[in-house]
Amino acid sequence: MKINSLKLQETFLRLKEQKIMVIGDLILDEYLFGTVDRISPEAPVPVVWVRNDKHTLGGSGNVIQNLSSIETKSIVMGRLGKDKAGDLMKSLILKGNVSEKDLRLLESETIPTILKTRIIASQQQVCRVDREEIVPLTPDEENFVLEQFKSKIGECSAVIVSDYDKGYLTKKVIEEVIRIAVENKVIVTVDPQISHFFLYNGIDIMTPNHHEAGKALGKKLETEKDIEAACIEISERIRPKAMMITRGDKGMTIYETDTKKFHHIPTVAKEVFDVTGAGDTVISTYTAFLAAGMSIHEASLISNASAGVVVGKLGAATVTHKEIEDNLKQLGLLEEAK
């Protein structure tokens with residue numbers, strides 16, 4: 001299958017008309033860049049001389065960044081601490097395609113903003129330092145989140161549930177968010193976590209990688225037949241419209257439950273530099289293009305091509321319209337308009 005170039009250009013324009021709810025676990029990513037010239041006299045570890053630093057949105061925040069990069073608006077729901085990291089997170093979100101009125105955050109007095117610090121020397125990650133407290137929402141907080149969700153669902157063309165299992169997405173929140181979205185005929189897509197894997201009933205698509213899907217089913221997924229059987233088994237349990245399993249260097253498999261069709265899409269990355277956030281790119285581009293009128297297969301081809309771009313960049317990166325179009329051309333997946 002190829003994507004018509006005129007349809008792609010028209011869809012790029014429609015992306016600007018979409019507003020997608022991103023609900024999930026917000027994480028602030030910090031990068032410390034430096035060099036290593038010696039070993040510490042205190043312990044047999046390298047001494048990193050930090051020369052630069054950078055902060056970016058991680059977790060569900062990377063989904064927001066990816067949507068902004070393809071000129072799609074977001075409504076943002078998640079939990080932050082009332083701290084410096086939370087203030088920085090909000091400022092980074094608002095630099096994207098998100099307005100103040102579409103920032104619907106639960107700000108906690110007791111739970112800090114999740115901060116992950118990566119120390120990098122000569123393009124090699126030396127270590128990662130995580131600062132987080134994984135605490136589920138209280139019943140009052142769950143009710144607050146769901147009221148906020150109900151108040152904004154009418155503005156959305158789709159909902160992305162970005163689950164990193166950090167406490168914000170409880171069983172009640174997940175089930176009610178899906179129920180409300182389905183009642184309002186809004187597309188729901190999910191990037192899942194193992195602990196909640198079979199809670200996402202009746203959604204449009206779930207996008208686990210093959211490791212996550214295998215763990216959820218208690219088996220290794222090694223062959224194409226294994227992947228197909230897993231798609232069918234998961235679909236029978238949660239009844240999605242489609243099931244996607246990403247397969248690393250083997251690409252991705254999409255199963256359309258209505259037609260029982262499988263699409264096996266090979267990997268498109270020329271050079272893998274950093275796989276951080278590739279799953280966020282897949283779900284954000286897939287959801288946006290589906291909401292803007294692409295078919296399941298077309299949106300899958302675009303999301304796969306988009307992931308092929310971002311894995312060639314450092315950190316939780318994003319993709320642009322031009323990079324998507326250029327990569328589709330290079331892959332021979334773009335059909336010139338007649």
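Which side chains meet in a salt bridge with K219? The partner is E233, with 3.2 Å from N to O; a salt bridge here is a side-chain nitrogen of Lys or Arg within 4 Å of a carboxyl oxygen of Asp or Glu. This pair links distant parts of the chain, since K219 lies in the loop between α6 (210-217) and α7 (224-238) and E233 lies in helix α7, 14 residues apart. The structure is a predicted model, in which local features need pLDDT of at least 70 and side-chain atom pairs count only at pLDDT 80 or more, while totals for chains, interfaces and linings use all residues. Residues are numbered from 1 along each chain as its sequence is written, and side-chain values use heavy atoms, with hydrogens and water left out.

Helices (H or I, at least four residues) and strands (E, at least two) are DSSP runs, numbered from the N terminus. Two strands are taken to pair if DSSP finds at least two bridges between them. In general, strands of a sheet pair through backbone hydrogen bonds, either parallel or antiparallel. In this model, nine strands form an open sheet with mixed pairing, in the order β6-β5-β2-β9-β10-β11-β12-β13-β14. The edges are held by β6 (103-108) and β14 (261-265), each of which has a single partner strand, so one side of each is left without a neighbour in the sheet.

Strand β2 (residues 19-24) has six of its six residues buried, where buried means under 20% relative accessible area, exposed over 50%, and partly exposed in between (1.4 Å probe, protein chains only). Its two faces are both covered, with K19, M21 and I23 on one side and I20, V22 and G24 on the other. Strand β2 runs parallel to strand β5 (residues 73-81), to which five bridges join it; K19 stands opposite K73 there. Five bridges also connect β2 with strand β9 (residues 158-162), again in the parallel sense, and A158 of β9 is the bridge partner of I20.

Further along the sheet, strand β10 (residues 187-191) pairs with strand β11 (residues 205-206) in the parallel sense over two bridges, with V190 opposite M206. M206 also stands opposite M243 in β12, and two bridges join the parallel strands β11 and β12. Five of the five residues of strand β12 (residues 242-246) are buried, so this strand is largely enclosed by the rest of the structure. A242, M244 and T246 point one way from β12, whereas M243 and I245 point the other way. Strand β13 (residues 252-256) runs antiparallel to β12 and is joined to it by five bridges, one residue pair being I245 and T253. Five residues separate the two strands of this β12-β13 hairpin, and G248 in the turn has a positive phi of about 60°.

Helix α1 (residues 5-15) has S5, L8, T11, F12 and L15 as its buried residues. Seen down the axis of α1, they fall within an arc of 115° (taken from the directions from the helix axis to the C-beta atoms), so they line one face of the helix. They pack against β1 (3-4), α8 (278-291), α9 (296-310), α10 (321-330) and β15 (334-335), contact meaning heavy atoms within 4.5 Å.

A nonpolar core is a set of buried Ala, Val, Leu, Ile, Met, Phe, Trp, Tyr and Cys residues joined through side-chain atoms within 4.5 Å. The largest such core has 57 residues, and those with the most contacts inside it are L8, F289 and L328. Leaving aside residues up to four places away in sequence, F289 touches L8, T11, F12, L15, I70, M294, A299, I302 and I324. A second, separate core of 41 residues includes V145, C156, V161 and I227.

The salt bridges number 24 in total. In the bridge between K219 and E233, K219 is partly exposed at 42% relative accessibility, and E233 is partly exposed at 26%. E155 and K152 form another, with the closest N and O atoms 3.1 Å apart; E155 is partly exposed at 35%, but K152 is buried at 3%. A further bridge joins E325 and K329, where the closest N and O atoms are 4.0 Å apart. These two residues are four residues apart in helix α10, so about one helical turn separates them. Salt bridges that share partners also join K19, K101, D102, K152 and E155 into one network.
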